[in-house]
Amino acid sequence: KVIKKLKKELDITTSRLTGLIEIELVATDEIFGKVFLSFIQNESVNYINMLESGLSSQKISFLSERLSQIENELGDNEDSLKVFLEKNKNYSAPELQIEYLRLKRNVELQSVLLSTITSQLEVAKIENLDNLPSVVILDDPYIDDISSLAGNIIFYILCFIIINSFI
């Protein structure tokens, strides 16, 4: 029953162009309406900030794991190159040169990856600290003054009628 009433009284409009979401509640109890809209506003902001923080943490976690993998792979590739050079002091044969170039290329590739992932991890950590909320509240919930304006108009009309009836 309450949900049906809220569905009838609650109006949510979204602008696809601007991303603006407007929530309007036409309630007979003004205090309930204001408290309810404040609750929706606060919970929405908290939820979106929690999602963004979670995504940022997931990114940092992924980059940290990837960095560890690359460090291990780089160590393995450096060891392979070292073993090759120890076994082959003179690698003038074409097969040995190709093997040397392949091992050297793997070490260089892993070094570049290590550098790139390290810088991306640092950027992600900084962005996590500087994370500004993407939700901006333009207006806090308020009670529309139309009902009080209508009451004032009726009051002035009654005063006018009473005053004119005595004149």
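Which residues is S56 in contact with, leaving aside its neighbours within four places in sequence? Keep that in mind; the tour ends there.

**Whole chain.** Start with everything shown. This is a predicted model. Colour by pLDDT. The chain averages 78, and 75% of the residues score at least 70. Confidence is highest in helix 3, at a mean of 92. It is lowest in helix 4 (residues 146-166), at 52.

Now switch to a cartoon. Count four helices and two strands. Trace from the N terminus: the order of elements is α-β-β-α-α-α. Turn on the surface. About 13500 Å² is accessible, and carbon and sulfur atoms hold 61% of that. Buried residues account for 16% of the 167 in the chain. For a contact map, take pairs at least 6 apart in sequence: 58% of those contacts join residues at least 24 apart.

**Helix 3.** Select residues 94-129. That is helix 3, with 36 residues. Put a distance between its first and last C-alpha: 53 Å, close to the 52 Å expected at 1.5 Å a residue. Next, show side chains for Y100, L103, V107, Q110, I117, L121 and A124. These are buried. What lies over them? Helix 2 (30-87) is part of the cover.

**The largest nonpolar core.** Select I60, L63, L67, I70, I117, L121 and A124. These seven residues form the largest nonpolar core. Helix 2 and helix 3 each supply at least two of its residues. Helix 2 gives the most, with four. A second core lies apart from this one. It has six residues, including L74, L81, Y100 and L103. As background, nonpolar side chains tend to be buried together in soluble globular proteins.

**I60.** Return to the largest core and centre on I60. Hide residues up to four places away in sequence. I60 then touches L121, A124, K125 and N128. Of these, L121 and A124 are also members of the largest core.

**S56.** Last stop. Select S56, which sits in helix 2. Is S56 buried or exposed? S56 counts as buried because its relative accessibility is 13%, and the cut-off for buried is under 20%. Now the opening question. Leaving aside neighbours within four places in sequence, S56 is in contact with A124 and N128. Show I60 again alongside: I60 touches A124 and N128 too. A124 is one of the buried residues of helix 3.

Methods. Residues numbered from 1 in each chain as written. Predicted model: local features only at pLDDT ≥ 70, side-chain atom pairs only at ≥ 80, totals over all residues. Heavy atoms only, no water. Expected span 1.5 Å × (residues − 1). Buried < 20%, exposed > 50% of the residue type's maximum accessible area, 1.4 Å probe, protein only. Contact = heavy atoms within 4.5 Å. pLDDT = per-residue confidence, 0-100. Areas by Shrake-Rupley, 256 points an atom, 1.4 Å probe, with all protein chains shown as cover. Core = buried A, V, L, I, M, F, W, Y, C linked by side-chain atoms within 4.5 Å.
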